[in-house]
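Q: Could you take me on a close look at one pocket of this protein, the second largest, and tell me how much space lies in it and what lines it?

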Amino acid sequence: MESHEIHITIIGSGNVATHLGLALMEAGFIIEEVFSRNAKKAAELAEVIYAQPITELHKLGQDSDVYILAISDDAIGLMADNLSFLDNKLVVHTSGATPSTALQAHKRRGVFYPLQTFSEDVEVDFEQLPICIDANKKEDRKLLSLIASYLTPLVYKVNDEQRAQLHVAAVFVNNFSNYLYQIGCEITEATDLPFDILLPLIQQTVKKIDSDYQPIDFQTGPAVRGDKATIKRHLKLIKQEFPKYSKLYKTMTELIEVAE
Ligand SMILES: NC(=O)c1ccc[n+]([C@@H]2O[C@H](COP(=O)([O-])OP(=O)(O)OC[C@H]3O[C@@H](n4cnc5c(N)ncnc54)[C@H](OP(=O)(O)O)[C@@H]3O)[C@@H](O)[C@H]2O)c1
């Protein structure tokens, strides 16, 4: 099946709807409609992906092969229920943390989870991005796999249980590490140094990660070396200057000390 034979409707106009909608359009899929509660956002996204903007659910067409719900996790279940008029259509969501049962109003349901961090105006290379797919029917798994394969070679079949754990892992490696960068930013700026001074260190840390090794193999710093005096000095400084990070520093240090 060629990509232009597959028609897709996108529900939502946020970060994922926008990046995924653009990638699908560029890969040759026909994006029939974009639904958003916000008329301006629906029109803006629809214009760039050559789709019809829709702001009233009951006006959604029923000609698409797949309906992608790229909306907030908490809104997925209700939206799926409100779309129950889509008879025998494949409805999927893009959430890592939401079970596919949130779509139980639909006989044909699935997941199309792009494992990446999406922000407005930050370009994403879909060819380097894993897409985790699943569906309750074999034919639909094949269809989602085919659609994903037009975007990236990294297509994984991931069930609800696996995806729930994968999402926890993603929160650790992305959300939490990004927050740690923010702490680094706060600490350097508090001493009149630019955050940029840490960028080569951050980049080298990521560069060292390799599928042949585990991150633990490259752990450096006072905790892994057992440099107790340095840890004590750090804790004293953190207690004085950045007390809200004392607990975090201690916990991370203790975990690194016993890591295998
Ligand atoms: N961002 C990421 O890095 C990322 C990565 C992978 C997967 N995901 C998943 O992708 C989905 C969308 O995330 P996002 O980052 O694109 O979120 P987002 O930028 O915050 O956009 C959320 C979208 O959901 C819509 N929405 C919220 N509540 C709604 C409701 N009750 N009814 C109808 N529409 C509603 C919003 O519409 P309004 O503009 O009208 O409020 C907006 O279009 C989530 O399931 C998320 O877990 C996100």
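A: About 390 Å³ of space lies in the second largest pocket of this predicted model. A pocket here is found on a 1 Å grid over the protein atoms alone: an open set of points where a 1.4 Å probe fits, with protein on both sides within 12 Å along at least five of seven lines. Grid points are joined across faces, edges and corners, and the volume is the space filled by probe spheres set on the points.

Residues are numbered from 1 along each chain as its sequence is written. In this predicted model local features need pLDDT of at least 70, side-chain atom pairs count only at pLDDT 80 or more, totals for chains, interfaces and linings use all residues, and side-chain values use heavy atoms, with hydrogens and water left out.

Now to the walls. The lining has 14 residues (each with an atom within 4 Å of a point), and those nearest the centre are Ser13, Gly14, Thr18, Glu44 and Glu120. By kind, the lining holds three nonpolar, six polar and five charged residues; Ala, Val, Leu, Ile, Met, Phe, Trp, Tyr, Cys and Pro count as nonpolar, Asp, Glu, Lys and Arg as charged, and the others, Gly among them, as polar.

Two helices deserve your attention here. Both α1 and α2 supply at least two lining residues, and α2 gives the most, with five. Helices are DSSP runs (H or I, at least four residues), and strands are E runs of at least two, numbered from the N terminus.
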